[in-house]
Structures are given as structure tokens and as C-alpha cells.
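Okay, thanks for coming, everyone. I'll put the structure up and then talk you through a few spots in it.

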Amino acid sequence: MGTIHRRQVIKAGLGLMGAAAQGRFSLGLAQQDVIRIGVVLSYSGPYARLGQEITRGMELYLDRVGYQAGGRRIQLLKEDEEADPAVAVRKVRKLVEQDRVNLLTGIILSSSAYGIRDYVHERQMPLIIANAAANGITRERRSPYIFRTSISAWQQHYPMGPWVARNVGKKVFLLALDYAFGREATAAFKEGFLQAGGEVVAELYTPLGSTDYSAVISRIAAARPEAVHAVLSGSDAVIFLRQFVQFGLNRTVQLAVSGEVTDENVLEAIGDAALGAKSADHWVYTLSNSANREFIRAYRQKYNAVPNHFAVRGYDAMQFIVDAINNAQGDVGNRPRFLRALESAKIISPRGFVEMDPETNNATQHVYAREVARIDGVLTNRLLADLGIIRDPGK
């Protein structure tokens, strides 16, 4: 081979190597341009509808901002929590170690949040909890990398106690699912209720996924309370409410329950039998603010359905994330900068003004008393009273 020809071959080879390197470099830039958000929610099992609604809310907000924040595109990578903490841990590890996500969000169960806490903390991976409400997540198990944009069990239920004592009845039967959220929510309600002069006639916890509440309803009837405070969700809430009405207890005992019990998805399954039931929650369909009106309009247009508070939680979790990414100018790789942006995040939500409490990494927000009503042909909740801006005490 001649010298000139050899130089031409070498030059061509170097050109190909340079093109390949340039291709890898361009691919690296393209990958860096996308912010990958790992979403872990239940898409199967008893909480599949909750996971669907939270996802709908997240995607609705991303539609609004064109799936962009801080000058970068946003991509959601979804995994099924399956209502199982062990599965949640496995899925989080996959998202972090294989998919290389920049941050995590979602989490239905408090037990799943506790299960992934140490892994997330050790990896210094930002986690924005869109649902799980156990108090300890932002109290004794608090991590500087974990933020909750939904609500704590105490925050939602403590202010309802005094309101029920003053406006519903002084003798209350307490019923809840036997897990962290159920017990903490009940304890918070009871704390406020007893302080206001209320009397607890009985306290009962039932297993998750019960298919028959007739024995429970018999105990309620025997206790003769003025009201029942129930902390149930999903299929448990539907079955309890159906049987509560079937046994005729709704004619003599008022319902003053957790917001999950009169969630719009539950009302869809129950119908008019739930009319008049009172509840406490951080969102009400009839809140008169422009953000809520726009949210309801966009949700109904996109999904042809009535939104609920789980959709609001997804919407707001993504709104907090986008706000923080914008404030960090898209630099989510700079963990201290991004965490500071999350700590100082403030949003105008369908539920009103919400801000992150930097002392607890838990959202500070209004809590409302509501009542099931039919409004413009829609079975939903209407506003009874604003119980004030509630901050979790963090201890």
C-alpha cells in the first residue's frame, strides 16, 4: 500500500471515529436535555383508580406547560406500586439504577413511602410524594430529599374534630382501616374532637379490602351515636356506604368522614345515597377561584369525567415539580440547588394557595368542611366551611 493511499485510509478512519464520537456526544446532549421523572403509583389492585386519577392530574398539568420546564423536556416513566411496599421498593430501585431518573414522585401507600425512605435518603434522590399521608413521613422519618405535596393525616383530620363537635354531634363512633393512615387520621380527629367536648362511643379498625361491613354497621347501630367518623377509601368506602344505606342507618346517624370516603369516584359508585354526608378535605369542587375553575374545565374536557381530590394531588405534585425545575433553571443535577427550589416552592392550586414548609417538607394549605350534593347534575362535594390554613406541627 502506497504512502498516500495509507494516509487516505487513516484519514477516512479518523473521520468515521470522529463522526461516531460526535454522534455519541449529540446523543448525550439529547439525553441530558430530557428530565426523566419516575412515577410510582398503583395501577392494579384495590388502589388502581387512585393511581389512575393521580396520573391524570399529573399529565393534565404537563399538558398545560407543554411537557417542559426550565428549558428542558419532561418524560414520565411509570411503574406499578401494586399496593405492595416490597414491590414499591423494587420499582424505585429499577427507576433509579436502570432508568436513571432525575427524581421520583407518586406513592399511594404510606407503608410504601416508609419502605423506600432509607433507599431514597441514602441515594440523595429527590422524592415528591403525591399521596401517602402518614405523619411520620415528614416528622420522625423526615429526609431532606423527601417532600410531600398532598397532606398529612393530622393536618387533614385534626381541624375536623372541633367542627363536628360544634356542627354535627357530640357522640361519635370512630371507624377506620387498620393501617398507618387510618389510625393516625382517627387519632388526629379524636384529638380535636375531645378538646371540643365530644364523646367517643366506640372505636373500631377493620382490615383493608373488607367485602362485608354488616357486622360493623350492627355495632354502630347498637352504640347509637349521633355521627360516624370513618376513614376508608377505595372499595372499602363503597361497600361501607352502600351497606350503611341498605341497613337504614343513614336515617338516624350522620356521616362526618374523611374526604376519601366521599371522593367523587366513590360517589359515582354510590349515587344519591351519599347525599348530605359531611367530610374534611383540602379540595372542594365548588371552590370559587380561577385555578379551580380552569382545572375542572380542563379535566372534564380531556377525560369527560368529574375530577376528584386524587386528580388534584397529581396536578399539584407536578405543579410543585415544574415550579422547582423552573426556579432551578432546569439544573436538576445540582441537588442542593434543586432541593432549595423545592423547599421554597409556592403554587396557586385548585385547592387555593399552597406552599412548602421548609421546616417539615410538608405542604401548608387550607382544609375545608364539605357536604355531598348534586350540583349542575353532578354528584360531588360543596363547600360548607373553610377550617383555616393548617400547618402540620412536624412532631
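**A walk through the model**

Let me start with L109, which is buried at a relative accessible area of 7%. Buried here means under 20% relative accessible area, exposed means over 50%, and partly exposed is in between, with a 1.4 Å probe and protein chains only. Before I go on, this is a predicted model, where local features need pLDDT of at least 70 and side-chain atom pairs count only at pLDDT 80 or more, while totals for chains, interfaces and linings use all residues. Residues are numbered from 1 along each chain as its sequence is written, and side-chain values use heavy atoms, with hydrogens and water left out.

Back to L109, then. L109 sits in the loop between β4 (103-106) and α4 (110-123). Helices (H or I, at least four residues) and strands (E, at least two) are DSSP runs, numbered from the N terminus. What does L109 touch, not counting residues up to four places away in sequence? The list is Y47, E81, A83, D84, A132 and Y179, where contact means heavy atoms within 4.5 Å. Take A132 from that list: its C-alpha atom is 5.2 Å from that of L109, although the two are 23 residues apart along the chain.

Okay, zooming out. The chain has 13 helices and 15 strands, and its C-alpha atoms fill a box of roughly 105 × 40 × 35 Å along the principal axes. Of its 395 residues, 56% count as buried. If you take contacts between residues at least 6 apart in sequence, 69% of them join residues at least 24 apart.

Next up, the strands around β7. β7 covers residues 171-177, and six of its seven residues are buried. On one side, β7 pairs with β8 (residues 199-206) in the parallel sense, over seven bridges; for us, two strands pair if DSSP finds at least two bridges between them. β7 is also joined to β9 by five bridges, and these two run parallel as well. V172 is a handy landmark: it stands opposite V200 in β8, and its bridge partner in β9 is A227. With helix α7 (residues 180-195) in the middle, β7 and β8 make a right-handed β-α-β unit. Right-handed means that, with the strands pointing away from the viewer, the path from the first strand over the helix to the second runs clockwise.

Staying with β9 (residues 227-231), that strand holds H229. Is H229 buried or exposed? Buried, with a relative accessible area of 1%. Leaving aside neighbours within four places in sequence, H229 contacts H157, V172, F173, L174, L175, F189, A256, V257 and S258.

A256 takes us to β10 and β11, since A256 stands opposite K278 in β11. β10 (residues 254-258) and β11 are parallel partners over three bridges, and together with helix α10 (residues 264-270) they form a right-handed β-α-β unit. β11 itself (residues 278-281) is covered on both faces, with K278 and A280 buried on one side and S279 and D281 buried on the other. β11 also runs antiparallel to β14 (residues 362-375), joined by four bridges, and there A280 has A369 as its bridge partner.

One more buried spot is T149, in the loop between β6 (146-148) and α5 (153-157). T149 has 1% relative accessibility, and beyond four places in sequence it contacts I128, I129, A130, A317, F320, R351, M356 and A363.

Now for two backbone oddities. R100, in the loop between α3 (85-97) and β4, has a phi near 55°, positive in a residue that isn't glycine. N304 also has a positive phi of about 55° without being a glycine, and it lies in the loop between α11 (290-303) and α12 (309-327). R100 is exposed at 54% relative accessible area, and N304 is exposed at 71%.

Last thing: empty space. How many cavities of 30 Å³ or more does a search of the whole structure find? One, with a volume of about 160 Å³. A cavity is a set of points on a 1 Å grid over the protein atoms alone where a 1.4 Å probe fits but cannot get out, and lining residues have an atom within 4 Å of a point. Grid points are joined across faces, edges and corners, and the volume is the space filled by probe spheres set on the points. The lining has 14 residues, with I108, N131, Y179, F181 and S233 nearest the centre. By type, the lining splits into nine nonpolar, three polar and two charged, where Ala, Val, Leu, Ile, Met, Phe, Trp, Tyr, Cys and Pro count as nonpolar, Asp, Glu, Lys and Arg as charged, and the others, Gly among them, as polar.

Technical notes:
1 Å grid on protein atoms, 1.4 Å probe; cavity = no way out; pocket = protein on both sides within 12 Å on 5 of 7 lines; lining within 4 Å.
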